[in-house]
Amino acid sequence: MQKIYSGKQLDILYAQAAQVDKLSARDYIERAAVAFERELFRHYSLGGRSIYIFAGAGRCGAYALSIAQLLARKGYAVYAYLFYRGGKLTSECEAVREQLSTDSLRLEDIFTDFAPPRISKGDLIIDGLFGADLQTPLSEGYLSLVDFLNATEAPIVSVEIPSGLFAEDNSGNTLEHVIQAERTIAFDSPKLAFFFRENDPYVGAWSCLPLGISPQAQHDIDTAYYYVQDASLSLSLQKRPRFSIELPREKILFLTRQRGYIGKTQLAARAAFRAGCSEVHAFVPAEEALALSVALPELTVHAPTTIHPLMDGLSAYKTLVIGEGFGTDDEAFQLFEQLMASYQSRPFLIESDGLALLSRDLKLLKKLPSNSILIATHKELDDMSGYFRSDRERLERALELASNSGVYIILRGTYSAVCTPTGAVFFDKTGNTGLQTNGAANVLTGVIAGLLGQGYLSITASVLGVHLVGLSAELYAGRYSERSLTATSLVDLLGDAYHQLEAN
């Protein structure tokens, strides 16, 4: 997992990298410039266009100046503007400034007044004014500078973070004076602000480039936020012993009381099988049992006239899934309470209808078995806990519920977040717009249930399940198009997603 550092923690990180890795500030800045240039070439053709680079007085400005020198040496038309704060530069920025060669680089030092250049639509702007350590809204001349840059039609690429945006909480920020980047390129750690929908107009598409800081240099820096990566998850995959065929098979149970939902139950059950669970059971209405058995012969289908005959055998299941098709009427609510009273030894997996039942009485959250998992969209969390003005507030509420109730809450979205009872959050960037397809949520539920059925801990099942489904969506888009993605396609590509993790 990649730690997500705050602006202050980045200073500690660089200090420890200098001590442990013998990585000087100058070395790090040069690495950042080379990595930035390489990433820039992946997305933009620079030939025939002017490049305007705006550098501030801090570390971010040092990055920008080093990038300007690198591009100018390769023959590009680079115009750089260095803005001094109070007539001064930080030691990092001053060191880079002193070593600049102005033979090929057009550099203007700005102390007070600034005459804006004429920037055309075909040019490129690189924003390196302020970095992740910014903690107060922009003021004075920087307001007009940011407004000028945003008003140009040229694309803006921000170094580290769009200038004016805070790295974490922007609830007290003045967002109308923040750089609106088309792309943001960060180093070593994405910023927490990248994962919130309200910041998307400023961050744009983003990437985070590793610059070679060792795990030893990062070891003692504690953070509550993590960014999920393939390499770390590959280590969490269970080994499958050669003689595991002889071992008892664990079971999971999907509970579908209402008619008309066996298609969704089938999707979730297929996903559970593809996730590696060897025995999946489903309770469905009697009149739909035969159709489901024929459609998915591997599934064990229960269809008693009432659920009560199953109650005595609940302890045999690794998890109970209460979601779409369970129902939200009074009878469903009473059954939900009975299940919680009878099944306390294993976690529940709850989504859709189960969340609606919890919304009727949030006190039920504390009656759930510990380590239960809730999968909620942003709207579903709002329905449970009230309207939130921002994703940042929504995340804080999900963390509060998870901590107070001892459960895991997965906030499904563009960047799904797994909120844990300990206060840690795991963000996942995999996936694409194809995941809005009908049934994708059922696939995610099935995958996580299937992982729980194999004995994975709730934290691992949650993080790994979200990642596997996201990878499946990306693999499909790579072969076809995210526009044509269906939930069935997600299930079919789960094996390929596993293969990609295993290859790491």
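Before selecting anything, fix one term: a residue is buried under 20% relative accessible area, exposed over 50%, and partly exposed in between, using a 1.4 Å probe on protein chains only. The model is predicted, so local features are given at pLDDT of at least 70 and side-chain atom pairs only at pLDDT 80 or more, while totals for chains, interfaces and linings use all residues. Numbering starts from 1 along each chain as its sequence is written, and side-chain values use heavy atoms, with hydrogens and water left out. Helices (H or I, at least four residues) and strands (E, at least two) are DSSP runs, numbered from the N terminus.

**Stop 1: helix α10**

Select residues 286-295, which form helix α10, and colour its buried residues E288, A289 and L292. Looking down the axis of α10, you will find these within an arc of 120°, so they line one face of the helix; the arc is that of the directions from the helix axis to the C-beta atoms. Now turn to the face pointing away from that buried side, where the exposed residues are E287, L290 and V294. What do the buried residues of α10 pack against? Show α9, β11 (279-283) and β12 (300-302) to see the partners. Contact here means heavy atoms within 4.5 Å.

**Stop 2: the open sheet**

From β11 and β12, widen the selection to an open sheet of 11 strands with mixed pairing. Its order is β1-β9-β18-β17-β16-β15-β14-β13-β10-β11-β12. At the edges stand β1 (2-3) and β12, each with a single partner strand, so one side of each has no neighbour in the sheet. Two strands count as paired if DSSP finds at least two bridges between them.

Zoom in on the β12 edge: β11 and β12 run parallel and are joined by three bridges. To see one of these partnerships, pick A282 and V301 in β12.

Next, move to strand β13 (residues 317-322), which runs parallel to β14 and is joined to it by three bridges. Pick L320 and you will find F348 of β14 opposite. Is β14 covered on one face or on both? Both faces are covered, with F348 and I350 buried on one side and L349 and E351 buried on the other.

**Stop 3: the cavity**

Keep E351 selected, as it is one of the residues that line the largest cavity. How many cavities of 30 Å³ or more does a search of the whole structure find? The search returns one, and the largest cavity has a volume of about 100 Å³. The search uses a 1 Å grid over the protein atoms alone: a cavity is a set of points where a 1.4 Å probe fits but cannot get out, and lining residues have an atom within 4 Å of a point. Grid points are joined across faces, edges and corners, and the volume is the space filled by probe spheres set on the points.

To display the lining, select F254, L255, T256, K264, T265, A268, V321, G323, E324, E351, N442 and T445. Strand β10 (251-255) and helices α9 (262-274) and α16 (440-453) each supply at least two of the lining residues, and α9 gives the most, with three. By type, the lining divides into four nonpolar, five polar and three charged residues. In this scheme Ala, Val, Leu, Ile, Met, Phe, Trp, Tyr, Cys and Pro are nonpolar, Asp, Glu, Lys and Arg are charged, and the others, Gly among them, are polar.

**Stop 4: two backbone angles**

Most residues other than glycine have a negative phi. Select S352, in the loop between β14 (348-351) and α13 (353-360): this residue is not a glycine, yet has a positive phi of about 50°. S352 counts as buried, at 19% relative accessibility.

Then jump to E140, in the loop between β5 (124-128) and α5 (141-151). E140 is not a glycine either, and its phi is positive at about 55°. Here the residue counts as exposed, at 70% relative accessibility.

**Stop 5: strands β2 and β3**

Select β2 (residues 50-55) and β3, which run parallel and are joined by six bridges. I51 has V78 of β3 as its bridge partner. In β3 (residues 77-83), five of the seven residues are buried, so the strand is largely enclosed by the rest of the structure. Also in β2 is F54, which is buried with a relative accessible area of 0%.

**Stop 6: S472**

Finish in helix α17 (residues 458-479) with S472, a buried residue with a relative accessible area of 0%. Leaving aside neighbours within four places in sequence, S472 is in contact with L490, L493, L494 and A497.

Note on methods. On a 1 Å grid over the protein atoms alone, a cavity is a set of points where a 1.4 Å probe fits but cannot get out, and a pocket is an open set with protein on both sides within 12 Å along at least five of seven lines; lining residues have an atom within 4 Å of a point.
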